[in-house]
Amino acid sequence: MLEFKFDTQLLIEGEGLDEDEINEYFTNNFEGDCLLAVGDDELIKIHYHTNEPWKVLEYCASLGEIYDIVVENMERQEQGLEG
C-alpha cells in the first residue's frame, strides 16, 4: 500500500510563473511527495504524488492554462492493472 497513490503530472502555461513559489505552495498546502516543479516564467512542469490530485489541478489551473494532464493510480499499476 502506497502512502500517496496518485501520480499527478501536468504543464502550466502562463505569465510570471515562479517555480519557487509553486514549490513552497505545494509544500505548505498539499500532502504528498516526489514534487517536481520546474520550468520558467511561462511554462512549468509539475510532477507530484498525492491522494488528492483534484486539489493540485485546481491550484495549478488558478495559475494559468493547464494541459497534458496525467493522473495515474499507482496502486493499480502495482497490481498489474491499468492506472
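**Exercise 1. Two sides of a helix**

On the other side of helix H2 from its buried residues, Trp 54, Glu 58 and Ser 62 are exposed. Keep in mind that you're looking at a predicted model. Your task: find which residues of H2 are buried, work out why they line one face of the helix, and list what covers them.

*Solution.*

Step 1. Start with the helix itself. H2 covers residues 53-63, and its buried residues are Pro 53, Val 56, Tyr 59 and Cys 60.

Step 2. Now look down the helix axis. The buried residues of H2 fall within an arc of 125°, so they line one face of the helix.

Step 3. Next, see what sits over those residues. The cover includes two strands from the early and middle parts of the list, E1 (6-13) and E3 (43-50), along with strand E4 (65-73) and helix H1 (19-29).

**Exercise 2. Building the sheet**

Work out which strands pair with E1 and with E3, and how many bridges each pairing has.

*Solution.*

Step 1. Take E1 and E3. They run antiparallel and are joined by eight bridges. For one pair of partners, go to Thr 8: its bridge partner in E3 is Tyr 48.

Step 2. Stay with E1 and turn to E4. These two also pair in the antiparallel sense, over seven bridges. Here Asp 7 has Glu 72 in E4 as its bridge partner.

Step 3. Go back to E3 and check strand E2, residues 32-39. E2 and E3 pair antiparallel over six bridges. They form a hairpin, with three residues between them.

Step 4. Finally, ask how covered E1 is. Seven of its eight residues are buried, so you can call the strand mostly covered.

**Exercise 3. A pair across the hairpin**

Leu 36 stands opposite His 47 in E3. Compare the two: is each one buried or partly exposed, and what does each one touch?

*Solution.*

Step 1. Leu 36 lies in strand E2. With a relative accessible area of 38%, Leu 36 is partly exposed.

Step 2. Setting aside neighbours within four places in sequence, Leu 36 is in contact with Lys 45, Ile 46 and His 47. Take Ile 46: Leu 36 and Ile 46 are ten residues apart in sequence, yet their C-alpha atoms are 5.6 Å apart in space.

Step 3. Cross over to His 47, in strand E3. Its relative accessible area is 18%, and buried means under 20%, so His 47 is buried.

Step 4. With neighbours within four places left out again, the contacts of His 47 are Asp 7, Thr 8, Gln 9, Cys 34, Leu 35 and Leu 36. With Asp 7 there's also a polar contact, side chain to side chain, at 3.0 Å.

**Exercise 4. Hunting for salt bridges**

How many salt bridges does a search of the whole structure find? And what is the situation of Glu 75?

*Solution.*

Step 1. The search turns up one salt bridge. Lys 55 forms a salt bridge with Glu 52, and their closest N and O atoms are 3.3 Å apart.

Step 2. Check how open the two partners are. Lys 55 is partly exposed at 35% relative accessibility, and Glu 52 is partly exposed too, at 32%.

Step 3. Now move to Glu 75, in helix H3 (residues 74-78). Glu 75 is buried but has no salt bridge. The nearest side chain of opposite charge is Lys 5, 4.1 Å away, and a salt bridge needs a distance within 4 Å, so this pair doesn't count.

Step 4. Glu 75 does touch Lys 5, though, as well as Met 1 and Leu 2, not counting residues up to four places away in sequence.

**Exercise 5. A fully covered residue and two positive phi angles**

What is the relative accessible area of Ile 44, and what does Ile 44 touch? Then find where Cys 34 and Asp 68 sit and what phi each has.

*Solution.*

Step 1. Ile 44 is found in strand E3. It is buried, with a relative accessible area of 0%.

Step 2. Beyond its neighbours within four places in sequence, the contacts of Ile 44 include Leu 10, Ile 12, Leu 17, Ile 22 and Val 38.

Step 3. Cys 34 is in strand E2. Its phi is near 60°, a positive value in a residue other than glycine. Cys 34 is partly exposed, at 45%.

Step 4. Asp 68 is in strand E4, with a positive phi near 50°. At 53% relative accessibility, Asp 68 counts as exposed.

Methods
Residues are numbered from 1 along each chain as its sequence is written. This is a predicted model: local features need pLDDT of at least 70, side-chain atom pairs count only at pLDDT 80 or more; totals for chains, interfaces and linings use all residues. Side-chain values use heavy atoms; hydrogens and water are left out. Buried means under 20% relative accessible area, exposed over 50%, partly exposed in between (1.4 Å probe, protein chains only). Helices (H or I, at least four residues) and strands (E, at least two) are DSSP runs, numbered from the N terminus. The arc is that of the directions from the helix axis to the C-beta atoms. Contact means heavy atoms within 4.5 Å. Two strands pair if DSSP finds at least two bridges between them. Lys and Arg count as positive and Asp and Glu as negative; His and the chain ends are not counted. A polar contact is a pair of N or O atoms within 3.5 Å; within protein, one must be able to donate a hydrogen and the other to accept it, and residues adjacent in sequence count only if both atoms are side-chain atoms.
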